[in-house]
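Grab your favourite viewer and work through a few exercises on the chain below. Try each task before you read its solution.

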Amino acid sequence: MKRVITYGTYDVLHYGHINLLKRAKALGDYLIVALSSDEFNAIKNKKSYYTYEQRKAILEACRYVDLVIPENDWEQKISDVQKYQADIFVMGDDWEGKFDFLKDYCEVIYLPRTPDVSSTQTKKYLKGNKNAQG
């Protein structure tokens, strides 16, 4: 069995996230998503719309995701790769080169982002249209 691991905040889940998860899962048989905890987001000066538990539930409902684990700090990636026996580490190509240190432990793949979609863009749109009913 080939195991794939990826990391992220996955706040305001959108089709770009789904596209990334689908492509990550296609690289192996089992996809692990390390989801940024609320505490880790605070360290990164990020605030998610949804709590960790809510984001975890959303990801667990996605058919491409087999396991969701907490991401609590920047340093845990090597131990996660080893603990979960990951064969492939996947991230969006905006992180290209940043995780090459993991090549000693697994294959590292940077996937192209889905054009014209981002969580930041989505949040700005929603904030500007907060009175709109859907």
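The exercises below go from the overall fold to single side-chain pairs, and the model is a predicted one.

**Exercise 1. The overall layout**

Task: Work out how many helices and strands the chain has, and in what pattern they follow each other.

Solution:
- Step 1: Count the elements. You should get 5 helices and 5 strands.
- Step 2: Walk along the sequence and write each element down in turn. The pattern reads β-α-β-α-α-β-α-β-β-α.
- Step 3: Check how much of the chain is covered. Of its 134 residues, 43% are buried.
- Step 4: Look at the contacts with a separation of 6 or more. Residues 24 or more positions apart account for 63% of them.
- Step 5: Add the outside. The accessible surface is about 8100 Å², and carbon and sulfur atoms own 50% of that.

**Exercise 2. Strand pairs**

Task: Find out in which sense β1 pairs with β2 and β4 with β5, and over how many bridges.

Solution:
- Step 1: Start with β1 and β2. They run parallel and share 6 bridges.
- Step 2: Pick out one bridge in this pair. Isoleucine 5 has isoleucine 32 in β2 as its partner.
- Step 3: See how well β1 is covered. Strand β1 spans residues 3–8 and has 5 of its 6 residues buried, so the rest of the structure largely encloses it.
- Step 4: Move on to β4 (residues 88–92) and β5. This pair is parallel too, with 5 bridges.
- Step 5: Pick out a facing pair here as well. Glycine 92 sits opposite leucine 111 in β5.
- Step 6: Check the cover of β5, which spans residues 107–111. It is mostly covered, with 4 of 5 residues buried.

**Exercise 3. The nonpolar cores**

Task: Identify the residues of the largest nonpolar core that touch the most other members, and see which elements feed that core.

Solution:
- Step 1: Recall the background. Nonpolar side chains tend to be buried together in soluble globular proteins.
- Step 2: Collect the members. The largest core has 18 residues, and those touching the most other members are Tyr10, Leu21, Leu31, Val33, Leu59, Val65 and Val90.
- Step 3: Trace where the members come from. Two or more residues each come from α1 (15–26), β2 (30–36), α3, β4 and β5.
- Step 4: Look for another core. A separate, second one has 15 residues, including Ile32, Ala86, Met91 and Phe99.
- Step 5: Zoom in on leucine 59. Ignoring neighbours within four places in sequence, leucine 59 contacts Tyr10, Leu13, Leu21, Val33, Leu35, Val65 and Val68.

**Exercise 4. Salt bridges**

Task: Take three salt bridges, Lys25–Asp66, Glu60–Lys56 and Asp100–Lys103, and work out how each one sits in the chain.

Solution:
- Step 1: Get the total. The whole structure holds 6 salt bridges.
- Step 2: Take lysine 25 and aspartate 66, which meet at 2.6 Å, N to O. Lysine 25 is in helix α1 and aspartate 66 in the loop between α3 and β3 (67–71), so this pair ties together parts 41 residues apart in sequence.
- Step 3: Compare the cover of the two ends. Lysine 25 has a relative accessible area of 17%, under the 20% cut-off, so it counts as buried. Aspartate 66, at 35%, is partly exposed.
- Step 4: Take glutamate 60 and lysine 56, which meet at 3.1 Å, N to O. Both lie in helix α3, 4 residues apart, so about one helical turn separates them. Glutamate 60 is partly exposed at 45% relative accessibility.
- Step 5: Finish with aspartate 100 and lysine 103, whose closest N and O atoms are 3.8 Å apart. That makes the cut, because a salt bridge needs the nitrogen within 4 Å of the oxygen. Aspartate 100 is partly exposed at 31%, while lysine 103 is exposed at 51%.

**Exercise 5. Aromatics at the surface**

Task: Place tyrosine 50 and tryptophan 74 in the chain, and decide how exposed each one is.

Solution:
- Step 1: Find tyrosine 50. It lies in the loop between α2 (38–43) and α3 (52–60).
- Step 2: Read its accessibility. Tyrosine 50 is partly exposed, at 31%.
- Step 3: See what it joins. Leu13, Tyr49, Tyr50 and Ile58 make a nonpolar surface patch, with about 380 Å² of accessible area together.
- Step 4: Find tryptophan 74, in the loop between β3 and α4 (77–83). At 41% relative accessibility it is partly exposed.
- Step 5: List its partners. Leaving out neighbours within four places in sequence, tryptophan 74 contacts Phe40, Lys44 and Trp95.
- Step 6: Add one distance. The C-alpha atoms of tryptophan 74 and serine 36 are 9.9 Å apart, with their positions 38 residues apart along the chain.

Definitions and conventions
Residues are numbered from 1 along each chain as its sequence is written. This is a predicted model: local features need pLDDT of at least 70, side-chain atom pairs count only at pLDDT 80 or more; totals for chains, interfaces and linings use all residues. Side-chain values use heavy atoms; hydrogens and water are left out. Buried means under 20% relative accessible area, exposed over 50%, partly exposed in between (1.4 Å probe, protein chains only). Two strands pair if DSSP finds at least two bridges between them. Patches are made of residues with over 30% relative accessible area and no salt bridge: like charges are joined within 9 Å, nonpolar side chains (Val, Leu, Ile, Met, Phe, Trp, Tyr) within 5 Å. Accessible areas come from the Shrake-Rupley method with a 1.4 Å probe; for residues, only the protein chains shown count as cover. A salt bridge is a side-chain nitrogen of Lys or Arg within 4 Å of a carboxyl oxygen of Asp or Glu. A nonpolar core is a set of buried Ala, Val, Leu, Ile, Met, Phe, Trp, Tyr and Cys residues joined through side-chain atoms within 4.5 Å. Contact means heavy atoms within 4.5 Å.
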